[in-house]
Amino acid sequence: MFAKLVALILGFGACGGGLLAMRQSRLQAAHELAEARLRVERHELRVRELRAQIAERITPERVLEILGADNAALMRPGWTRRVELVSPEWIGETHEAVQPALPASPGVTP
Amino acid sequence: MSPTDARPDAARRADRVARLLSVGVCLVLLVLLARIAQLKGAPGEALDASINSRISRQGLDGARGELLDRRGRVLSTTRFGYRVIVDPEASGDRADEMIVRLSGALGMAPGELGARVMGAIIENDMRRERLEKPGKAAAVSLADSLRRRLGMGDLSRAAGESYGDGADASGAKPLIRYLPVGEELTLEQSERVRGLGLPGVWLERRPVREYAGGDAVAPIVGKVGLADRTLDQTGLLGAELAMNAPLRERDGRAAYMRDAWGRALWIEQGAWEAADAGESVRLSVDLELQRIATQELRRGVEAADAAGGRLIMLDPRTGEVLAMVDALREIEGAVPFPWLEKQVTVDGQRWVATKGELPADPRDRPRYDVGGTDPGRAVHPALGRNRCVEDLYEPGSTFKPFVWSVAMEKGLLGDDEVIDNKANYYVTQCGRSVEDVTHRASLTWDDVLKYSSNVGMAKLSERLSFEQLHEGVVRFGFGARTGLGLPGESAGIVTPEKRWSKYSQTYVAIGHEIGVTPIQMARAFSCFARNDELGGTMPRVALVAGEGDAAKAGVIERVLQPEVALRARFAMVGVAERLDEKIAQLLDDAPPLYSMFGKSGTAQIPCVPGPDQRRPRGSSGYFQNQYNSSFIGGAPLETPRIVVLCVIDDPGPGRIRIRQHYGSYVAGPVVRRVVERSLAYMGVEPDMTDGAGDDAVASRD
C-alpha cells in the first residue's frame with residue numbers, strides 16, 4: 001500500500017515536473033521571441049538613423065567633394081564615357097576558352 | 001484475540017489509513033488545481049494589480065514616409081532621437097549622484113545640469129508648500145527652500161515674504177515631473193544613459209525629420225511640424241504638406257509581461273500591433289538637376305548684379321518639375337521704396353512718408369529694394385516664399401509666342417506677308433507708340449518672334465478681336481492655378497473680359513498688363529515642346545514622378561493645333577541662335593552642343609503697394625529702370641526633353657547703363673548653361689556636335 005502511495009505521489013510529481021519543464025521551455029521560447037521582436041524594433045530604429053546619415057553623405061555635392069577636382073570627370077555624362085571596353089568577338093572567344101574550365105553544376109543543362 | 005486475528009485488523013487499519021491518505025492527497029491536489037485555475041482565471045484585485053504592474057506597455061513608433069527625388073535619392077527621412085527627461089521628484093535623496101553620473105553620460109558640465117535639476121527641485125518644494133496649504137498666502141521663500149536643501153535648518157517663514165521669480169504667486173501649479181535636459185541624443189548615447197539605470201531619469205523617443213536633400217530643395221520639400229498635442233509629424237509646408245496623406249504613418253502598440261529585471265517574458269497573442277510606416281513618395285525633382293540649376297542661377301544673378309532670380313525646369317512630355325530654384329541676393333545700397341503708410345489718428349486717417357521722399361527727377365532715384373521682405377527665408381530656406389509659384393511678374397516679350405500662335409492659328413498671319421517697319425515706330429490703336437529694340441526695316445511673321453518686334457506684335461494684336469485674345473490667354477492657363485500642389489500658389493492676374501480694352505489688347509500682346517508665375521509660363525511654353533499628337537497640348541504639371549505612360553497621362557487639353565505649335569517652335573530657333581551669338585561674343589563659354597529654341601523678355605517691375613500703403617506722388621505703376629529679365633527655352637529642338645525658364649530680378653544699374661540688362665543678356669546665358677549641363681547629365685546625345693562632344697564636355701568639367 002505504501003508502495004502504491006509512493007508510486008502515486010512520485011507519478012504526480014513526475015507529471016508535475018514534466019509539465020513544469022514544458023512550461024519553462026515554452027516560457028523560454030516566448031521570452032526569446034519577445035526579446036527578438038524588441039531587438040528587431042531597435043534594429044529598425046538603428047537602420048533609420050543610418051539611412052538618414054547615408055542619405056546626407058551621398059548627395060551630388062558631397063560625392064563631388066569626395067571625388068575631388070581631379071576625379072570630377074567621373075561625373076561626366078554617360079554618353080561621353082560610352083566606349084567599347086570589349087569587342088563582341090573578344091567576348092565570344094573568352095566564352096569558348098572559359099567554358100571547359102567551368103565545372104558543370106548538377107541539374108544545370110548547358 | 002489471537003495474533004492471527006490481530007494482523008488482519010492491523011492490515012485493514014493500515015489499508016484504511018492509506019486510502020484516507022490517498023484520498024486526502026488527491027483532494028489537496030484537486031484543491032490546489034482549483035486554486036491555480038482560480039488564480040489564473042479570476043485573480044483577486046490585489047493579485048490582478050500585481051500581475052498588471054508587470055505588464056509593460058509601449059507605443060511602437062511608425063516612421064513618416066520618405067520623400068525621394070526622381071532617382072530615389074533621399075530628400076527627407078525620419079529617424080528617432082532621444083531626449084533625457086528627469087523627474088526631480090523620483091530622484092529622491094540621490095539627486096547629487098544622479099546629476100554627476102548623468103552629466104558624465106551626456107557630456108554636460110555637472111554644474112549646468114545641477115542648476116537645472118536642483119532649480120526644479122527647489123521650485124517643487126515651493127509648489128508643494130503651496131499645494132499642501134492652498135488657503136495660505138505665499139509663505140515659503142526661495143531662500144527658505146535653498147536653506148532646507150543645503151541643510152541649513154528649518155524654514156524661518158517670514159510673513160509677507162514672496163516667492164522667487166520662478167514661482168507663481170497664485171501657487172496652484174503642479175509639481176514639475178517632466179524636465180527635459182541636454183541636447184537630443186543619438187542611439188548610442190541613449191543606450192549609455194539607459195544603462196546607468198538612474199532613478200527618475202527616463203528617455204523620451206521622438207521622431208526627427210532629416211532633410212538630406214539640403215537647402216537647395218528645401219522650398220520644394222517643405223517642412224514638418226508636430227501634430228497638435230502629439231509627437232507625430234505632420235506636413236506644414238511644401239511637398240511635406242502636399243503629400244501629407246500618403247506620407248503619414250500609423251503608430252503601433254505592444255504589451256508584454258516582464259520579469260523582475262524588466263526583461264520581456266512573453267507577448268500575449270494580439271498584444272503586438274505593428275506600426276505602419278508611411279509610404280515613400282518619389283518627387284519629380286532631380287537633386288543633381290537642382291544642383292546644376294542652383295549653381296547656374298546664382299552665377300547668373302551675381303553676373304547681372306541682380307536682386308534675385310528664379311528658375312524652373314520642366315519635362316515637357318510629362319509636365320514633371322525637374323528643378324525649381326528661387327534665389328535672393330542682398331544688394332548693397334538698395335533702399336526701401338518710400339511708400340506712403342496709412343496712419344489712423346483721432347482726426348481720421350492720413351498717409352505719411354516714413355521712409356523718405358521720392359526724388360522728383362526719375363534720374364535721381366536710387367536703386368530700390370524690389371525683392372520684398374522674406375523674414376522666413378532667413379530662419380530656414382523652407383520657410384521662405386517660393387517665388388516660382390507664389391510671386392507674379394510681367395513676362396514681357398516671353399509672352400509673345402502665345403499671342404503669335406493664337407493669331408497664327410486663326411489664320412491671321414500670312415506666310416508670305418512682309419511687315420514694313422522702316423520707321424521703327426508705330427502708334428497703336430490706344431494711342432501709345434511702340435518701337436523695337438532690334439530694328440529691322442521689314443519683317444516676316446517669323447522675324448517678329450526672332451527679333452521680338454513690338455511693332456509687329458502691336459499690328460498683330462489689332463487683327464485679333466478682344467474676345468479672341470482674351471480667350472487665347474486664358475486657354476494657356478494664365479489666370480488660373482496650375483494645381484502643382486505646393487501651398488500658396490498664385491493664380492496670376494489676367495484682366496477680366498469685361499474690363500478688357502484696347503490698352504489690354506496692345507499691352508498683353510507684348511507681355512504687359514498680365515501677371516504670371518514662372519510655373520504657369522513653363523507649363524504653357526511646354527505646348528511648343530511636345531511632339532506628334534501631343535504637340536500643342538499642355539501637360540498637367542506634377543511634383544510627383546510619374547509611372548508608366550506618363551506622356552499621355554500628362555495632357556490637360558489642346559491649346560494649339562500641332563502644326564501651329566511646331567511652327568512657333570521653329571520660329572523661336574532664331575532667338576536661340578542670336579543668344580548663342582551673344583554668348584560667343586561676350587562670354588567665355590564653350591560652343592553649345594544642343595540645339596535650342598526660346599524667347600527672351602524684359603519688363604519693368606510693377607510698383608505695387610502693399611496693404612495700408614500708397615504710391616507717393618510722382619511715381620508711376622513701375623519702378624524706373626528696374627526690370628525683370630527672363631528667358632524661356634526648350635531643348636533639344638527635335639525632341640525637347642526640358643523646358644527651362646529663368647527670371648532675373650532687377651539686373652544692376654551697371655548692366656542697364658551698357659544696355660545689357662535684357663533677358664537675352666542676363667537670363668539667356670543661364671538657360672543655355674543649364675540646358676547644356678542638364679541634357680548631358682540626362683544622357684541626351686548632343687545634336688550640334690561633329691564628334692567633338694567629349695572634348696567639349698571635358699573642358700566644361
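A residue counts as buried when its relative accessible area is under 20%. The views below are taken from a predicted model.

**View 1. Chain A, overall make-up.**
By the cut-off above, 15% of the 110 residues of chain A count as buried. The secondary structure of chain A consists of 3 helices and 0 strands, and the order of elements from the N terminus is α-α-α. About 8600 Å² of surface is accessible on chain A, and carbon and sulfur atoms account for 64% of this area.

**View 2. The second largest pocket, with lining from chains A and B.**
The volume of the second largest pocket is about 1100 Å³. Its lining is made up of 26 residues, and those nearest the pocket centre are L20(A), R23(A), L33(B), I36(B) and K40(B). Two or more lining residues come from each of these elements: α1 (2–57) of chain A, and α1 (3–41), α2 (45–52) and β9 (264–273) of chain B. With 9 residues, α1(A) gives the largest share of the lining. Sorted by class, the lining of the second largest pocket holds 20 nonpolar, 5 charged and 1 polar residues.

**View 3. A nonpolar surface patch on chain B.**
The patch is formed by V23(B), L27(B), L30(B), L33(B) and I36(B), which together have about 490 Å² of accessible area. Two of its members, L33(B) and I36(B), also appear in View 2, among the residues nearest the centre of the second largest pocket. L30(B) is part of helix α1 of chain B. The relative accessibility of L30(B) is 53%, so this residue counts as exposed, the limit for that class being over 50%.

**View 4. The salt bridge between R94(B) and E97(B).**
Side chains of opposite charge can pair when their charged atoms come close. Here the side chains of R94(B) and E97(B) form a salt bridge, with an N to O distance of 3.1 Å. R94(B) has a relative accessible area of 43% and is therefore partly exposed. E97(B) is also partly exposed, at 34% relative accessibility.

**View 5. The salt bridge between D259(B) and R263(B).**
In this pair the closest N and O atoms are 2.9 Å apart. D259(B) is buried because its relative accessible area, 11%, falls under the 20% limit. Its partner R263(B) has a relative accessible area of 42% and is partly exposed.

**View 6. The salt bridge between K342(B) and D612(B).**
K342(B) and D612(B) form a salt bridge in which the closest N and O atoms are 3.6 Å apart. K342(B) belongs to strand β13 (residues 340–345) of chain B, while D612(B) sits in the loop between β23 (597–606) and β24 (613–614) of chain B; the pair therefore ties together parts that are 270 residues apart in sequence. K342(B) is partly exposed, with a relative accessibility of 32%. D612(B) is partly exposed as well, at 44%.

**View 7. A network of salt bridges in chain B.**
Which residues are joined into one network by salt bridges that share partners? They are R310(B), D326(B), D374(B), R377(B), R387(B) and D649(B). Over all chains, a search of the whole structure finds 52 salt bridges.

Definitions and conventions: Residues are numbered from 1 along each chain as its sequence is written. Chains are lettered from A and ligands numbered from 1 in the order in which they are written. This is a predicted model: local features need pLDDT of at least 70, side-chain atom pairs count only at pLDDT 80 or more; totals for chains, interfaces and linings use all residues. Side-chain values use heavy atoms; hydrogens and water are left out. On a 1 Å grid over the protein atoms alone, a cavity is a set of points where a 1.4 Å probe fits but cannot get out, and a pocket is an open set with protein on both sides within 12 Å along at least five of seven lines; lining residues have an atom within 4 Å of a point. Grid points are joined across faces, edges and corners, and a volume is the space filled by probe spheres set on the points. Helices (H or I, at least four residues) and strands (E, at least two) are DSSP runs, numbered from the N terminus. Ala, Val, Leu, Ile, Met, Phe, Trp, Tyr, Cys and Pro count as nonpolar, Asp, Glu, Lys and Arg as charged, and the others, Gly among them, as polar. Patches are made of residues with over 30% relative accessible area and no salt bridge: like charges are joined within 9 Å, nonpolar side chains (Val, Leu, Ile, Met, Phe, Trp, Tyr) within 5 Å. Accessible areas come from the Shrake-Rupley method with a 1.4 Å probe; for residues, only the protein chains shown count as cover. A salt bridge is a side-chain nitrogen of Lys or Arg within 4 Å of a carboxyl oxygen of Asp or Glu. Buried means under 20% relative accessible area, exposed over 50%, partly exposed in between (1.4 Å probe, protein chains only).
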